[in-house]
Structures are given as C-alpha cells and as structure tokens.
Amino acid sequence: EWHAERVNRVKALEKQAAEINKRLDVLREKRDKAHLEADSAGTEATACEREIKALEGLRTSAQTVYSRAEAQIEALAQARDALELELGGLTGSDGKCPTCGRALQGTGLAKHRAELKAKIADLNKTIKEGVPPRVKSTLESIVHKIKQHAAHHEQFRSREGRALTTLKLI
C-alpha cells in the first residue's frame, strides 16, 4: 500500500513537472520573442533618429535658401516701388520738366517713361512668381519626410516599450 501510494505520487509529480515545463517553454518563447522585438524596434528607432537628425540639417539649409529667396523678392518689391516713385515724378505732360520747369521738347522723357514702365512690369512679373517652386517643393518635401520618420520613430519606440513591459512581466 505504501509503495502504491508512492508510485501514484511520483506519477502525479511527473505529470505536474511536465505541465510546469510546458509553461516554462511557453514563457521562454515569449521572453525570446520579446527580446527580439525590443532589440528590433530599438534598432529601427535609433535609425529613425539618425535620419531625422540628417533631415533636420537639410531642412535648415533649405529654409535658408527659402528665406534668401523671400528676401530677394522683397528687395525687388522695394526696387519696383522706387521706380514707380520715379515714374510718378516724371509727369512732363505740359511739356515742361517737373524739376526745373524747362521745356522738354526733343528730350527722351517719353522713352525714359516707357523704359521705367517696362522695368516695373518685369519686376511685377518676378514678384508675382514669388519664391521659385523648386525651392518651395524641396523644403516641403524635407518637412514631410521629417514628419514621416518622426511617426515611424514613435511607433518603434512604442513597440519597444511594449516588448520591455512584456519582459518585465515574465
């Protein structure tokens, strides 16, 4: 009887040990997957950080080019305003110089007025075009890429955090 009871206990313990080993195997597999996931996500997040840093350098350069183009447009607008002011001062409609009052017959007033109007028209055209589209699109593209990489970075860090939490719970 004692021997039979012992054999039954050994069988029960062996069965219990087998169940525990199965659970351990499942936990080990989860741990290994969590380690791989944390490592993978961390590596990807680090790569995103490097790419974002490089893109931010490019964005700074592109923003500088964009700002210079805007400044050039502003300088052209100021030049146009000065020409319009000069043109406004060249009335001469009564045939006399607006400054000294002498007769303007045979002078180049009409030609000078036409030249000023042509320059103003050219400047208006350039000002209306504004910053070159290529400059704008380059800056916008870089900003878009930064946003994309930042979103991916956030996703990878989140995956890494979940994997590390899983490791802590195991």
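1. A residue counts as partly exposed when its relative accessible area falls between the buried limit, under 20%, and the exposed limit, over 50%. Arg-157, at 27%, is therefore partly exposed. The model is predicted.

2. Eight salt bridges are present in the structure. The points below take up three pairs, beginning with those of Arg-157.

3. Glu-49 and Arg-157 pair through their side chains, with an N to O distance of 2.8 Å. This salt bridge links distant parts of the chain. Glu-49 belongs to helix 1, Arg-157 to helix 3 (residues 133-169), and 108 residues separate them. Glu-49 has a relative accessible area of 36%, so this residue is partly exposed.

4. Arg-157 also forms a salt bridge with Glu-160, at 2.7 Å from N to O. Here both residues sit in helix 3. They are three residues apart, about one turn of the helix. Glu-160 is buried, because its relative accessibility of 18% is under 20%.

5. Shared partners join these salt bridges into one network of Glu-49, Arg-157 and Glu-160. The network includes a buried residue, Glu-160, and a partly exposed one, Arg-157.

6. Another pair lies within helix 1 (residues 2-89): Lys-33 and Glu-29. Four residues separate them, about one turn of the helix. Their closest N and O atoms are 3.4 Å apart, and the pair forms a salt bridge. Lys-33 is exposed, since its relative accessible area of 53% is over 50%. Glu-29, at 46%, is partly exposed.

Key:
Residues numbered from 1 in each chain as written. Predicted model: local features only at pLDDT ≥ 70, side-chain atom pairs only at ≥ 80, totals over all residues. Heavy atoms only, no water. Salt bridge = Lys/Arg side-chain N within 4 Å of Asp/Glu carboxyl O. Helix = DSSP H or I, 4+ residues; strand = E, 2+ residues; numbered from the N terminus. Buried < 20%, exposed > 50% of the residue type's maximum accessible area, 1.4 Å probe, protein only.
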